[in-house]
Amino acid sequence: MSNSPLVSYTNISPNKNSPRVNQIDRITPHCVVGQCSVETIGNMFSSPTRQVSSNYGIGSDGRIGMYVDEKDRSWCSSSANNDHKAITIECASDTTEPYTMNDKVYNSLINLCVDICKRNGKNKLLWFADKDKTLSYIPKENEMLITVHRWFANKACPGDWLYNRLGDLAAEVTGRLNPESNSIYRIQVGAYSLKENAENFLHEVKAAGFTDAFIKQEINKTSDIDYKSMYEKEKNKRKDAEKEKTQLLQDIQAVLRRFV
(Lines give C-alpha, C1' and ligand atoms only; values in the text may rest on other atoms or scores of the structure.)
Protein backbone atom coordinates (compact mmCIF):
# COMPACT_ATOMS: atom_id res chain seq x y z
CA MET A 1 0.00 0.00 0.00
CA SER A 2 1.54 3.27 -1.15
CA ASN A 3 1.31 6.87 0.03
CA SER A 4 0.53 9.97 -2.00
CA PRO A 5 3.32 11.46 -4.14
CA LEU A 6 1.61 14.84 -3.66
CA VAL A 7 3.01 15.06 -0.12
CA SER A 8 5.59 17.82 0.46
CA TYR A 9 5.93 17.45 4.25
CA THR A 10 6.00 14.36 6.49
CA ASN A 11 5.78 14.12 10.26
CA ILE A 12 4.63 10.63 11.31
CA SER A 13 2.44 10.66 14.40
CA PRO A 14 2.66 8.07 17.18
CA ASN A 15 -1.14 8.20 17.41
CA LYS A 16 -2.21 5.34 15.17
CA ASN A 17 -2.96 1.63 14.86
CA SER A 18 -0.58 -0.29 12.64
CA PRO A 19 -1.65 -1.86 10.41
CA ARG A 20 -5.29 -0.97 9.71
CA VAL A 21 -7.58 -4.01 9.81
CA ASN A 22 -9.81 -3.14 6.83
CA GLN A 23 -9.39 -2.33 3.17
CA ILE A 24 -9.62 1.35 2.26
CA ASP A 25 -13.06 2.15 0.83
CA ARG A 26 -13.78 5.69 2.06
CA ILE A 27 -12.35 9.17 2.44
CA THR A 28 -13.18 11.35 5.44
CA PRO A 29 -12.31 15.04 5.03
CA HIS A 30 -12.16 17.21 8.18
CA CYS A 31 -11.79 20.90 9.00
CA VAL A 32 -8.85 21.84 11.18
CA VAL A 33 -10.65 24.93 12.56
CA GLY A 34 -7.71 27.17 11.84
CA GLN A 35 -5.78 28.50 8.84
CA CYS A 36 -2.81 26.29 9.72
CA SER A 37 0.27 25.16 7.84
CA VAL A 38 1.08 21.50 7.30
CA GLU A 39 3.87 21.90 9.86
CA THR A 40 1.47 23.19 12.52
CA ILE A 41 -0.95 20.32 11.86
CA GLY A 42 1.94 17.87 12.12
CA ASN A 43 3.07 19.35 15.42
CA MET A 44 -0.44 18.94 16.85
CA PHE A 45 -0.41 15.25 15.96
CA SER A 46 3.13 14.59 17.14
CA SER A 47 2.19 14.69 20.83
CA PRO A 48 1.11 11.30 22.28
CA THR A 49 -0.99 13.07 24.91
CA ARG A 50 -3.35 14.55 22.30
CA GLN A 51 -4.29 11.09 20.95
CA VAL A 52 -5.39 12.47 17.58
CA SER A 53 -4.01 12.22 14.07
CA SER A 54 -4.98 12.02 10.40
CA ASN A 55 -3.47 10.34 7.40
CA TYR A 56 -3.04 13.63 5.56
CA GLY A 57 -3.39 17.35 6.14
CA ILE A 58 -3.72 20.30 3.78
CA GLY A 59 -2.27 23.64 4.85
CA SER A 60 -3.75 27.04 4.05
CA ASP A 61 -1.22 27.39 1.20
CA GLY A 62 -2.46 24.17 -0.42
CA ARG A 63 0.56 22.06 0.50
CA ILE A 64 -0.12 18.49 1.58
CA GLY A 65 1.38 16.83 4.65
CA MET A 66 1.37 13.19 5.73
CA TYR A 67 1.11 12.13 9.39
CA VAL A 68 -0.05 8.50 9.24
CA ASP A 69 0.84 6.06 6.45
CA GLU A 70 -2.12 4.83 4.43
CA LYS A 71 -1.42 1.28 5.58
CA ASP A 72 -2.17 2.45 9.15
CA ARG A 73 -5.32 3.68 10.89
CA SER A 74 -5.34 7.29 12.04
CA TRP A 75 -7.23 8.50 15.13
CA CYS A 76 -9.43 11.12 13.54
CA SER A 77 -13.17 10.50 13.24
CA SER A 78 -14.33 9.36 16.71
CA SER A 79 -15.00 5.96 15.12
CA ALA A 80 -12.46 3.15 15.02
CA ASN A 81 -14.58 1.32 12.46
CA ASN A 82 -14.60 4.31 10.10
CA ASP A 83 -10.92 5.13 10.56
CA HIS A 84 -9.83 1.55 9.86
CA LYS A 85 -11.53 1.92 6.42
CA ALA A 86 -10.90 5.59 5.71
CA ILE A 87 -8.16 7.87 4.50
CA THR A 88 -8.62 10.90 6.75
CA ILE A 89 -7.69 14.41 5.62
CA GLU A 90 -7.52 17.47 7.86
CA CYS A 91 -8.04 20.71 5.88
CA ALA A 92 -7.11 24.23 6.94
CA SER A 93 -10.24 26.33 7.46
CA ASP A 94 -11.67 29.39 9.17
CA THR A 95 -12.19 29.15 12.91
CA THR A 96 -15.93 29.86 12.84
CA GLU A 97 -18.94 28.48 10.96
CA PRO A 98 -19.22 27.63 8.16
CA TYR A 99 -15.46 26.85 8.50
CA THR A 100 -14.69 28.09 4.98
CA MET A 101 -11.69 26.69 3.12
CA ASN A 102 -9.81 28.74 0.54
CA ASP A 103 -9.42 27.74 -3.11
CA LYS A 104 -5.90 26.40 -2.64
CA VAL A 105 -7.08 24.03 0.08
CA TYR A 106 -10.15 22.89 -1.84
CA ASN A 107 -8.22 22.30 -5.08
CA SER A 108 -5.58 20.31 -3.21
CA LEU A 109 -8.34 18.26 -1.59
CA ILE A 110 -9.71 17.40 -5.05
CA ASN A 111 -6.24 16.44 -6.31
CA LEU A 112 -5.52 14.34 -3.24
CA CYS A 113 -8.84 12.51 -3.49
CA VAL A 114 -8.16 11.73 -7.16
CA ASP A 115 -4.73 10.39 -6.25
CA ILE A 116 -6.05 8.29 -3.35
CA CYS A 117 -8.74 6.74 -5.54
CA LYS A 118 -6.32 5.98 -8.37
CA ARG A 119 -3.75 4.27 -6.18
CA ASN A 120 -6.43 2.22 -4.44
CA GLY A 121 -8.01 1.05 -7.70
CA LYS A 122 -11.18 3.17 -7.50
CA ASN A 123 -12.74 5.19 -10.32
CA LYS A 124 -15.87 6.44 -8.57
CA LEU A 125 -16.23 8.62 -5.46
CA LEU A 126 -19.71 8.55 -3.91
CA TRP A 127 -21.46 11.04 -1.62
CA PHE A 128 -24.96 10.05 -0.44
CA ALA A 129 -25.46 12.89 2.09
CA ASP A 130 -27.16 10.34 4.34
CA LYS A 131 -25.50 8.64 7.31
CA ASP A 132 -27.63 5.48 7.45
CA LYS A 133 -27.52 4.91 3.70
CA THR A 134 -23.76 5.43 3.56
CA LEU A 135 -22.87 3.26 6.54
CA SER A 136 -25.09 0.41 5.36
CA TYR A 137 -23.83 0.59 1.79
CA ILE A 138 -21.28 -1.98 0.65
CA PRO A 139 -19.06 -0.28 -1.95
CA LYS A 140 -18.26 -2.09 -5.17
CA GLU A 141 -14.63 -2.80 -5.95
CA ASN A 142 -14.31 0.39 -7.99
CA GLU A 143 -16.11 2.66 -5.51
CA MET A 144 -14.95 4.93 -2.71
CA LEU A 145 -17.34 6.54 -0.22
CA ILE A 146 -17.22 9.91 1.52
CA THR A 147 -18.00 9.95 5.24
CA VAL A 148 -17.94 12.84 7.72
CA HIS A 149 -16.92 13.28 11.35
CA ARG A 150 -20.29 14.73 12.42
CA TRP A 151 -21.89 11.31 11.88
CA PHE A 152 -19.83 9.83 14.72
CA ALA A 153 -19.65 12.66 17.25
CA ASN A 154 -21.45 15.84 18.27
CA LYS A 155 -19.31 18.02 16.04
CA ALA A 156 -19.82 20.38 13.10
CA CYS A 157 -16.87 18.85 11.21
CA PRO A 158 -16.16 19.23 8.33
CA GLY A 159 -18.19 22.46 8.56
CA ASP A 160 -21.14 23.42 6.40
CA TRP A 161 -18.94 25.09 3.78
CA LEU A 162 -17.34 21.79 2.78
CA TYR A 163 -20.33 19.62 3.69
CA ASN A 164 -22.48 21.50 1.17
CA ARG A 165 -19.84 20.95 -1.52
CA LEU A 166 -19.22 17.24 -1.02
CA GLY A 167 -21.54 16.37 -3.91
CA ASP A 168 -19.51 18.65 -6.18
CA LEU A 169 -16.29 17.18 -4.81
CA ALA A 170 -17.43 13.63 -5.57
CA ALA A 171 -18.56 14.58 -9.08
CA GLU A 172 -15.31 16.42 -9.88
CA VAL A 173 -13.13 13.58 -8.62
CA THR A 174 -15.16 10.94 -10.48
CA GLY A 175 -15.02 13.03 -13.65
CA ARG A 176 -11.24 13.28 -13.49
CA LEU A 177 -10.98 9.55 -12.88
CA ASN A 178 -13.08 8.85 -15.98
CA PRO A 179 -12.19 11.47 -18.63
CA GLU A 180 -13.59 9.28 -21.44
CA SER A 181 -17.05 9.28 -19.84
CA ASN A 182 -17.39 12.96 -20.79
CA SER A 183 -17.05 12.18 -24.52
CA ILE A 184 -19.75 11.07 -26.96
CA TYR A 185 -18.85 9.36 -30.23
CA ARG A 186 -21.50 9.32 -32.97
CA ILE A 187 -21.53 6.91 -35.91
CA GLN A 188 -22.99 7.95 -39.28
CA VAL A 189 -24.19 5.06 -41.40
CA GLY A 190 -25.72 6.81 -44.40
CA ALA A 191 -26.35 10.07 -46.25
CA TYR A 192 -29.15 10.68 -48.75
CA SER A 193 -30.23 13.56 -50.98
CA LEU A 194 -33.89 12.46 -50.77
CA LYS A 195 -35.62 12.59 -47.41
CA GLU A 196 -37.79 9.62 -48.32
CA ASN A 197 -34.72 7.41 -48.79
CA ALA A 198 -33.31 8.58 -45.45
CA GLU A 199 -36.57 7.79 -43.67
CA ASN A 200 -36.73 4.32 -45.24
CA PHE A 201 -33.20 3.54 -44.06
CA LEU A 202 -33.92 4.94 -40.59
CA HIS A 203 -36.84 2.51 -40.37
CA GLU A 204 -34.52 -0.38 -41.23
CA VAL A 205 -31.94 0.69 -38.65
CA LYS A 206 -34.52 0.98 -35.88
CA ALA A 207 -36.01 -2.37 -36.83
CA ALA A 208 -32.53 -3.83 -36.32
CA GLY A 209 -32.56 -2.63 -32.71
CA PHE A 210 -30.83 0.75 -32.90
CA THR A 211 -33.74 2.69 -31.41
CA ASP A 212 -31.76 5.86 -30.73
CA ALA A 213 -30.96 6.43 -34.43
CA PHE A 214 -32.15 9.72 -35.90
CA ILE A 215 -32.09 11.87 -39.03
CA LYS A 216 -30.10 15.08 -39.05
CA GLN A 217 -30.62 17.43 -41.96
CA GLU A 218 -27.59 19.28 -43.26
CA ILE A 219 -27.50 21.93 -45.98
CA ASN A 220 -25.19 20.98 -48.84
CA LYS A 221 -22.71 23.83 -48.65
CA THR A 222 -21.38 24.49 -52.15
CA SER A 223 -18.95 27.36 -52.61
CA ASP A 224 -19.57 30.36 -54.88
CA ILE A 225 -16.85 29.10 -57.20
CA ASP A 226 -18.63 25.78 -57.55
CA TYR A 227 -21.86 27.57 -58.44
CA LYS A 228 -20.06 29.61 -61.09
CA SER A 229 -18.44 26.48 -62.47
CA MET A 230 -21.79 24.72 -62.63
CA TYR A 231 -23.35 27.72 -64.39
CA GLU A 232 -20.58 27.92 -66.97
CA LYS A 233 -20.85 24.22 -67.72
CA GLU A 234 -24.60 24.46 -68.19
CA LYS A 235 -24.26 27.54 -70.41
CA ASN A 236 -21.68 25.80 -72.58
CA LYS A 237 -23.94 22.76 -72.90
CA ARG A 238 -26.75 24.98 -74.12
CA LYS A 239 -24.47 26.71 -76.63
CA ASP A 240 -23.34 23.34 -77.95
CA ALA A 241 -26.96 22.20 -78.21
CA GLU A 242 -27.87 25.35 -80.15
CA LYS A 243 -24.96 24.83 -82.53
CA GLU A 244 -26.00 21.23 -83.11
CA LYS A 245 -29.59 22.33 -83.70
CA THR A 246 -28.48 25.02 -86.17
CA GLN A 247 -26.22 22.59 -88.00
CA LEU A 248 -28.99 20.02 -88.17
CA LEU A 249 -31.40 22.56 -89.73
CA GLN A 250 -28.75 23.60 -92.26
CA ASP A 251 -28.17 19.98 -93.24
CA ILE A 252 -31.91 19.39 -93.69
CA GLN A 253 -32.25 22.51 -95.83
CA ALA A 254 -29.33 21.42 -97.99
CA VAL A 255 -30.95 18.03 -98.59
CA LEU A 256 -34.30 19.59 -99.47
CA ARG A 257 -32.71 21.95 -102.02
CA ARG A 258 -31.48 18.96 -103.96
CA PHE A 259 -35.05 17.92 -104.67
CA VAL A 260 -36.43 21.32 -105.62
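**Strands and cores: a chat**

Mentor: Start with β8 and β9: they run parallel, and three bridges join them. Keep in mind that this is a predicted model.

Trainee: Okay, what is the bridge partner of L125 in β9?

Mentor: That's M144.

Trainee: And which order do the strands of the open sheet come in?

Mentor: There are seven strands, going β1-β5-β4-β7-β3-β9-β8, and the pairing is mixed.

Trainee: Which ones are the edge strands?

Mentor: β1 (9-10) and β8 (124-126), since each of those pairs on one side only.

Trainee: Does anything sit on the sheet? Like, which strands does helix α1 lie across?

Mentor: Helix α1, residues 38-45, lies across β1, β4, β5 and β7. Relative to β4, α1 runs at about 140°.

Trainee: Switching topic: how many residues are in the largest nonpolar core?

Mentor: It has 37, and I89, L125 and V173 have the most contacts inside it. Several elements supply at least two residues each, including β3 (26-31), β7 (86-91), β9 (143-146) and α6 (166-177).

Trainee: Which element gives the largest share?

Mentor: α3 does, with nine residues.

Trainee: Back to V173, then. What does V173 touch?

Mentor: Leaving out residues up to four places away in sequence, V173 touches I110, C113, V114, C117 and L125. So L125 turns up twice: V173 touches L125, and L125 is bridged to M144.

Trainee: How many residues are in the other core?

Mentor: Seven, lying apart from the largest one, and among them are Y9, C36, V38 and F45.

Trainee: Why would nonpolar side chains be buried together?

Mentor: That's a general tendency in soluble globular proteins.

Conventions:
Residues are numbered from 1 along each chain as its sequence is written. This is a predicted model: local features need pLDDT of at least 70, side-chain atom pairs count only at pLDDT 80 or more; totals for chains, interfaces and linings use all residues. Side-chain values use heavy atoms; hydrogens and water are left out. A nonpolar core is a set of buried Ala, Val, Leu, Ile, Met, Phe, Trp, Tyr and Cys residues joined through side-chain atoms within 4.5 Å. Buried means under 20% relative accessible area, exposed over 50%, partly exposed in between (1.4 Å probe, protein chains only). Helices (H or I, at least four residues) and strands (E, at least two) are DSSP runs, numbered from the N terminus. Contact means heavy atoms within 4.5 Å. Two strands pair if DSSP finds at least two bridges between them. Axes are lines fitted to C-alpha atoms, for helices over the stretch in contact, and angles run from 0 to 180 degrees between N-to-C directions.
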